[in-house]
Amino acid sequence: MVALDIDGTLLSWVEGSGQTHGEVTEPVRAAVRRALDAGCHVVLASGRSPHGMLPVADMLGLGADEPVWIVASNGAVVFRYPPLEVVHEHTFEAADAVAAVLREHPRALVAVEERGDGYRVSAPFPDGELSGTQHITPVADLVAEPVSRVIIRDPEATAQDFVDLGQRLGLHGTDYVVGWTAWLDLAPVGVSKASGLDEVARDLGVDPSDALAIGDGRNDLEMLAWAGRGVAMGQAVPEVLAAADAVTHPVTQDGAATEIGRFF
């Protein structure tokens, strides 16, 4: 199995923003095709919502021959595609954790997925940061029922602000991960890309020691530790570089293609 993060691994970052370019390069696409042609399972694993991952799956040609497995929402949702069929979903009560964060960042934005359409948000997110339609919804209504993932975004803060916040609050009852910017993903305890991939591997009969995982963000740490070979992109955050078994070229130099090409 080859497990691939998307943003910062398959898609390069737009300099100075929290967004990625919309196209997979031809070297990456060709490398993924060689792995597929060799009979390897290629599994996308991202913090994106399911519908935000489908265009990337299509660009790579995943599912062209038979439905493939995809791990979304940092492991909270596992689905087959095409067509989109949710196989596993993990939810949690997020109200207390969201309230704790908002007490310290009262102007932060909050979002939960509206499957197949976009997101319900407390206020509009910066352009390009969320896929699909944004539906303005009071925070109390966003977290009134169990959810699979909550996004909290403060454009006026930094990623380090959120790292410090998570350590200070503890956020009991949830797991969390901080993105490249002041972007906080809340998830059910014990749920990560690694747990989602483990569910896929069991269904496929693949041992984790036979998995290659490539990523660049803090939400990839568990995935890189889970796989037999966990590889960090060259521009990854220091925690990821330190935790990986190896480091490939940055995304701007098609590092994912380089690493896949070692085997296919």
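**View 1. Helices H3 and H5 are oblique to each other in this predicted model.** Helix H3 covers residues 95–104, and helix H5 covers residues 159–169. Two packed helices are described by the angle between their axes and the distance between the axes. Here the angle is about 125 degrees, and the axes lie 11 Å apart. Angles from 65 to 115 degrees count as roughly perpendicular and those over 145 as roughly antiparallel, so the pair falls into the oblique class. The crossing of H3 and H5 is right-handed. Which residues of H3 and H5 meet? From H3 come Ala 100, Val 101 and Glu 104. From H5 come Leu 165, Arg 168 and Leu 169. In this contact of H3 with H5, four residues are nonpolar, two are charged and none is polar.

**View 2. Eight strands form an open sheet.** Their order is S5-S4-S3-S2-S1-S12-S13-S14. The pairing is mixed. Which strands sit at the edges? They are S5 (85–89) and S14 (246–247), and each pairs on one side only. Helix H6 (residues 193–204) packs on this sheet. H6 touches S1, S2, S3 (68–72), S4 (77–81) and S5. The direction of H6 makes about 160 degrees with that of S3.

**View 3. Strand S1 pairs with S2 and with S12.** Strands of a sheet pair through backbone hydrogen bonds, either parallel or antiparallel. S1 (residues 2–4) and S2 (residues 42–45) run in the parallel sense, with three bridges between them. S1 is also parallel to S12, again over three bridges. Follow Leu 4 here. Leu 4 stands opposite Leu 44 in S2. Leu 4 also stands opposite Ile 214 in S12.

**View 4. Strand S12 is covered on both faces.** S12 spans residues 212–215. Leu 212 and Ile 214 are buried on one side. Ala 213 and Gly 215 are buried on the other. S12 also pairs with S13 (residues 229–232). These two strands run parallel and are joined by four bridges. Within that pairing, Gly 215 has Ala 232 of S13 as its bridge partner.

**View 5. Six strands form another open sheet.** The order is S8-S7-S6-S9-S11-S10, with mixed pairing. S8 (133–136) and S10 are the edge strands, each pairing on one side only. How are neighbouring strands turned against each other? The average is 25 degrees, with direction ignored. S7 (residues 118–121) and S8 pair in the parallel sense over four bridges. There, Tyr 119 stands opposite Gln 134 in S8.

**View 6. A hairpin joins S10 to S11.** Four residues make the connection. S10 covers residues 174–178, and S11 covers residues 183–188. Do the two strands run parallel or antiparallel? They run antiparallel, and five bridges join them. One point to find is Asp 175, whose bridge partner in S11 is Ala 187.

**View 7. Ile 152 lies in strand S9 and is buried.** S9 spans residues 150–153. The relative accessible area of Ile 152 is 0%. The cut-off for buried is under 20%, so Ile 152 qualifies. What touches Ile 152, leaving aside its neighbours within four places in sequence? Its contacts are Val 98, Val 101, Ala 108, Leu 109, Val 110, Phe 162, Ala 182, Trp 183, Leu 184 and Leu 186. Val 101 also appears in View 1, where it takes part in the meeting of H3 with H5. For scale, Thr 25 is 127 residues from Ile 152 in sequence and 30 Å from it in space, C-alpha to C-alpha.

**View 8. Ile 151 is also placed in strand S9.** Is Ile 151 buried or exposed? With 2% relative accessibility, Ile 151 counts as buried. Beyond its neighbours within four places in sequence, Ile 151 contacts residues including Leu 109, Val 110, Ala 111, Tyr 119, Phe 125 and Leu 130. Trp 183, Leu 184 and Asp 185 are among its contacts too. Ala 213 lies 62 residues away from Ile 151 in sequence and 24 Å away in space, C-alpha to C-alpha.

**View 9. Glu 113 is a buried residue of strand S6.** S6 runs over residues 109–114. Glu 113 has 16% relative accessibility. Because buried means under 20%, Glu 113 still counts as buried. Leaving aside neighbours within four places in sequence, Glu 113 is in contact with Ser 49, Pro 50, His 51, Ser 73, Gly 118 and Tyr 119.

Terms used:
Residues numbered from 1 in each chain as written. Predicted model: local features only at pLDDT ≥ 70, side-chain atom pairs only at ≥ 80, totals over all residues. Heavy atoms only, no water. Axes fitted to C-alpha atoms, helices over the stretch in contact; angles between N-to-C directions. Parallel < 35°, antiparallel > 145°, perpendicular 65-115°, else oblique. Left-handed = near helix turned anticlockwise from the far one by under 90°. Contact = heavy atoms within 4.5 Å. Nonpolar A, V, L, I, M, F, W, Y, C, P; charged D, E, K, R; others polar. Buried < 20%, exposed > 50% of the residue type's maximum accessible area, 1.4 Å probe, protein only. Pairing = 2+ DSSP bridges.
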